[in-house]
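Please open the model in your viewer and keep the selection tool at hand, since this tour moves from one pair of elements to the next and says what is to be found at each stop.

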Amino acid sequence: MMNSPILNVTGLTMDFGGIRALNALDLDVYGGEIVALIGPNGAGKTTFFNCVTGIYMPTAGEVLLTSPKTGKSESLKGLKPNQVTEKGLARTFQNIRLFPKMTVLENVMIGRHCRTKAFILGAILRNRATREEEQSILETSYAILQKVGLEQYSNEFAENLPYGGQRRLEIARALATEPLLLLLDEPAAGMNPQETLELVELIKEISADGQAILLIEHDMKLVMSLSDRIFVMDYGKKIAQGTPAEIRENPAVIKAYLGEDVDA
Ligand SMILES: Nc1ncnc2c1ncn2[C@@H]1O[C@H](COP(=O)(O)OP(=O)(O)OP(=O)(O)O)[C@@H](O)[C@H]1O
């Protein structure tokens with residue numbers, strides 16, 4: 001991999017009072033990769049996502065996002081979550097955050113609006129350019145719903161989707177922002193085995209389209225079967241990185257997970 005990484009995180013540190021939740025963490029994700037961030041409960045995985053996506057301001061470190069197309073790098077540090085999304089980093093949350101009383105299609109269209117210009121002024125003026133843009137948002141959003149297999153529910157309220165469907169809708173909304181990198185925070189949490197299998201297929205399809213993905217996940221089977229590379233954290237520090245085969249054999253990882261089944 002000779003290109004620069006899409007995401008390049010160096011020395012990321014986050015203190016909460018006396019707790020160092022992240023300790024000088026380095027992590028990178030290259031184009032087309034699926035990378036997993038794993039670690040026992042409280043290791044600092046969610047804090048890492050929150051620092052990278054502008055929810056927390058890290059105590060120290062740097063977060064760079066590079067467009068593989070233009071080669072242009074930008075720092076995400078200190079940006080607000082919506083600015084981070086605009087720069088090309090989209091995420092889903094551990095707890096689903098949809099607009100329950102909006103339709104499935106509308107939830108995706110909201111993600112789409114971050115990539116369009118005329119929206120607010122246009123909504124007032126309703127000129128031809130705006131109508132065309134709205135039509136294009138509608139079509140693209142519908143195509144994304146087809147991608148995740150939810151098009152038949154496009155006019156349902158989001159809250160009426162089954163749980164697995166709501167998680168897929170969150171992914172659809174994140175994809176609608178056309179991210180350089182997609183962050184998935186425990187995408188399989190709470191899913192039954194069938195939903196998890198379908199999710200794995202969906203993530204593989206999205207990846208096959210060239211989408212770079214970084215995910216936090218506790219389901220080791222999913223992590224081992226999907227990831228190109230894995231980063232392992234414990235107590236805020238990176239304790240290992242490598243391919244699934246390397247991570248499975250890593251003594252530090254086995255020790256951190258003592259009592260948990262890494263060999264899934
Ligand atoms: N807002 C906060 N204020 C104070 N401490 C926090 C805050 N957020 C996280 N922490 C602490 O930072 C540490 C890392 O927590 P974090 O939620 O990032 O771990 P995690 O790896 O995501 O865990 P899990 O797998 O259980 O989701 C924990 O000790 C946690 O208590």
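Begin by selecting strand β3 (residues 34–38) together with strand β8 (residues 212–216), which run parallel and are joined by four bridges; within this pairing, Leu37 has Ile216 in β8 as its bridge partner. Bear in mind throughout that this is a predicted model.

Keep β3 selected and add strand β9 (residues 229–234), which also runs parallel to β3 and is joined to β3 by four bridges. Here Ile38 is the residue to centre on, standing opposite Val232 in β9.

From β9, extend the selection to β10, which pairs with β9 in the antiparallel sense over five bridges, and look for Phe231 opposite Gln241 in β10. These two strands form a hairpin with two residues between them, and in the turn Tyr235 has a positive phi of about 50 degrees.

Now colour the whole sheet to which these strands belong: it is an open sheet of six strands in the order β6-β7-β8-β3-β9-β10, and its pairing is mixed. At the edges stand β6 (89–91) and β10 (237–242), each of which has a single partner strand, so one side of each is left without a neighbour in the sheet. Looking across the strands, you should find a twist that averages 20 degrees from one strand to the next.

Next, select strand β1 (residues 7–16) and strand β4 (residues 60–66), an antiparallel pair held over five bridges, in which Asn8 stands opposite Leu64 in β4. Then add strand β5 (residues 73–75), which runs antiparallel to β4 and is joined to β4 by three bridges; Leu65 is found opposite Glu74 in β5. Between β4 and β5 lie six residues of a hairpin, and Gly71 in the turn has a positive phi of about 75 degrees.

Turning to the helices, select α3 (residues 104–112) and α5 (residues 128–148), whose axes are 9 Å apart and which pack at an angle of about 115 degrees. That angle makes α3 roughly perpendicular to α5, and the crossing of the two helices is right-handed. To see the contact itself, show the side chains of Val104, Leu105, Val108, Met109 and Arg112 in α3, which meet Ile137, Leu138, Thr140, Ser141, Tyr142, Ile144 and Leu145 in α5. The residues of this contact divide into nine nonpolar, two polar and one charged.

Keep α5 in view and add helix α6 (residues 163–175), where the axes of α5 and α6 come within 9 Å and cross at roughly 140 degrees. The two helices are therefore oblique to each other, and α5 passes α6 in a right-handed crossing. On the α5 side, select Ile144, Leu145 and Val148, which meet Arg168, Ile171, Ala172 and Leu175 in α6; the residues of this contact divide into six nonpolar, no polar and one charged.

Finally, zoom out to the whole protein chain, whose secondary structure comes to 10 helices and 10 strands. Along the principal axes, the C-alpha atoms fill a box of roughly 60 × 40 × 40 Å. How does the radius of gyration of the protein chain stand against that of a compact globule with 264 residues? Such a globule would have a radius of gyration near 18 Å, and the protein chain has 19 Å, which agrees.

Conventions: Residues numbered from 1 in each chain as written. Predicted model: local features only at pLDDT ≥ 70, side-chain atom pairs only at ≥ 80, totals over all residues. Axes fitted to C-alpha atoms, helices over the stretch in contact; angles between N-to-C directions. Parallel < 35°, antiparallel > 145°, perpendicular 65-115°, else oblique. Left-handed = near helix turned anticlockwise from the far one by under 90°. Contact = placed C-beta atoms within 7 Å. Nonpolar A, V, L, I, M, F, W, Y, C, P; charged D, E, K, R; others polar. Pairing = 2+ DSSP bridges. Rg over C-alpha atoms; globule rule 2.2 N^0.38 Å.
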